[in-house]
Amino acid sequence: MFPPPSVIPAKAGIQEGPERGKHGQRNVNEPARQDSFYFKLFDRLDAPGCPICGIVIHDSRSYLDSVLYERVTDVPTREALRESFGLCNPHTWLLRDLPASSAPDLGFAIIAQDLLNRFHGMTGPRPVSGWRTLKSWLTRASSTLRARLKKTTCPACVHGARSESVHLRQLLDLLGDETFSEKYRGSSGICVPHFLIAEESHPAHPRLADLRHIQRRKAEALRGTLDRFIEKHDHRARDEITPAEARAWTDSMEFLGGKSGVFCSELHRQSSHWMRGSSTR
Ligand SMILES: [Zn+2]
Ligand SMILES: [Zn+2]
């Protein structure tokens with residue numbers, strides 16, 4: 001669902017790493033920002049499931065809320081949505097969950113109007129006469145309709161990816177804080193997909209080994225609960241299934257796959273592979 005962290009531009013409000021002045025000193029606003037990261041992540045550890053998934057969903061929803069509530073008539077925002085040909089599938093459907101006060105119906109109607117105009121304009125027949133038209137036709141013919149319609153990534157995904165990258169890095173840094181680390185060990189921990197991103201994005205981080213150790217302990221505990229849940233389905237079992245055992249299968253879904261809507265399906269990666277394969281046979 002998200003572009004890789006390396007292609008995410010920095011933006012005010014969510015910046016990776018400490019901001020430094022000309023001579024490398026810490027910016028005077030850094031403690032306040034670090035505190036805001038600390039409390040955002042610390043508070044999120046009280047909720048069930050992956051805190052990074054929870055923050056990404058919250059930040060993406062806030063972004064969409066602000067676009068629909070106050071920026072839908074803003075020219076740069078509308079232009080960005082034209083270039084990305086709107087939002088990706090999960091973010092399009094997330095609009096239905098926004099509060100009525102954001103007027104998602106009217107906001108999306110305005111966005112969709114733009115996109116339908118763009119689609120209509122790009123799919124109509126074009127006369128081929130004269131050099132300029134031929135050149136334009138050649139340019140058009142060399143790229144797919146998809147590439148011409150959609151030039152950039154879904155802006156809500158770009159926003160979510162930036163939030164994901166910054167908070168994952170902050171979480172690793174905060175594992176060096178005793179209070180945070182203790183709280184993290186008692187929480188659900190991050191999901192496996194986010195742990196894999198942490199491993200790939202920050203392979204040399206000094207806290208990565210701690211994170212790996214904690215994640216292994218969480219996986220082990222979850223597997224133990226699943227074992228007991230499965231054992232209690234045996235007709236010879238006498239003990240009642242506990243609430244923790246009853247929800248172990250959904251806890252495992254989240255631990256293994258992340259929260260719903262954060263990571264895209266592999267359906268189209270698979271179907272494009274099949275289509276490429278069949279076209280070369
Ligand atoms: Zn996650
Ligand atoms: Zn998206």
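## A chat about an all-helix chain

A: Let's begin with contacts: in this predicted model, 77% of the chain's contacts with a separation of 6 or more join residues that are 24 or more positions apart.

Q: Okay, and what secondary structure does the chain have?

A: The chain has 14 helices and zero strands. Read from the N terminus on, the elements go α-α-α-α-α-α-α-α-α-α-α-α-α-α.

Q: How much of the chain counts as buried?

A: Of its 281 residues, 23% count as buried.

Q: Which residues touch the most other members in the largest nonpolar core?

A: Those are Ile52, Cys53, Val56, Leu171 and Cys191, in a core of 20 residues. Helix H2 (51-71), helix H8 (155-174) and helix H10 (192-201) are the elements that each give two or more residues to this core. H2 gives the most, with five residues.

Q: What about a second core, who's in there?

A: There is a separate one of 16 residues, and Val67, Leu81, Leu87 and Cys154 are among them.

Q: Back to Val56 for a sec. What does Val56 touch?

A: Leaving out residues up to four places away in sequence, Val56 touches Gly160, Ser163, Glu164 and Val262. Gly160, Ser163 and Glu164 also appear on the H8 side where H2 and H8 meet.

Q: Nice, so at what angle do H2 and H8 pack?

A: The angle is about 145°, and their axes are 9 Å apart. The crossing of H2 past H8 is right-handed.

Q: Which residues meet there?

A: From H2 you have Ile52, Ile55, Val56, Asp59, Ser60, Tyr63 and Leu64. They meet Ala156, His159, Gly160, Ser163, Glu164, His167, Leu168 and Leu171 of H8.

Q: How many of those are nonpolar, polar or charged?

A: The contact of H2 with H8 has eight nonpolar, five polar and two charged residues.

Q: Switching to H10: which residues are buried there?

A: His194, Phe195, Ile197 and Ala198 are buried in H10. Seen down the helix axis, the buried residues of H10 fall within an arc of 160°, so they line one face of the helix.

Q: And which residues are exposed on the other side of H10?

A: Leu196 and Glu200 are exposed there.

Q: What covers the buried residues of H10?

A: The cover includes H2, H8 and helix H11 (208-231).

Q: Now the loops. Where is Ser188?

A: Ser188 is in the loop between helix H9 (178-185) and H10. Ser188 counts as partly exposed because it has 18 C-beta neighbours inside 10 Å, while buried would take 20 or more.

Q: What is Ser188 in contact with?

A: Setting aside neighbours within four places in sequence, Ser188 is in contact with Pro48, Gly49 and Cys50. Ser188 and Pro48 are 140 residues apart in sequence, yet 6.1 Å apart in space, C-alpha to C-alpha.

Q: Which phi does Phe85 have, positive or negative?

A: Phe85 has a positive phi, about 50°, although it is not a glycine. Phe85 sits in the loop between helix H3 (75-83) and helix H4 (89-94).

Q: Why is Phe85 partly exposed?

A: Phe85 has 19 other C-beta atoms within 10 Å, so it is partly exposed; a buried residue needs 20 or more.

Q: And what about the phi of Ala103?

A: Ala103 has a positive phi of about 50° and is not a glycine. Ala103 lies in the loop between H4 and helix H5 (104-123). With 15 C-beta neighbours inside 10 Å, Ala103 counts as partly exposed.

Conventions:
Residues numbered from 1 in each chain as written. Chains lettered and ligands numbered in written order. Predicted model: local features only at pLDDT ≥ 70, side-chain atom pairs only at ≥ 80, totals over all residues. Helix = DSSP H or I, 4+ residues; strand = E, 2+ residues; numbered from the N terminus. Buried ≥ 20, exposed ≤ 12 C-beta atoms within 10 Å, placed from the backbone. Core = buried A, V, L, I, M, F, W, Y, C linked by C-beta atoms within 7 Å. Contact = placed C-beta atoms within 7 Å. Arc of directions from axis to C-beta. Axes fitted to C-alpha atoms, helices over the stretch in contact; angles between N-to-C directions. Left-handed = near helix turned anticlockwise from the far one by under 90°. Nonpolar A, V, L, I, M, F, W, Y, C, P; charged D, E, K, R; others polar.
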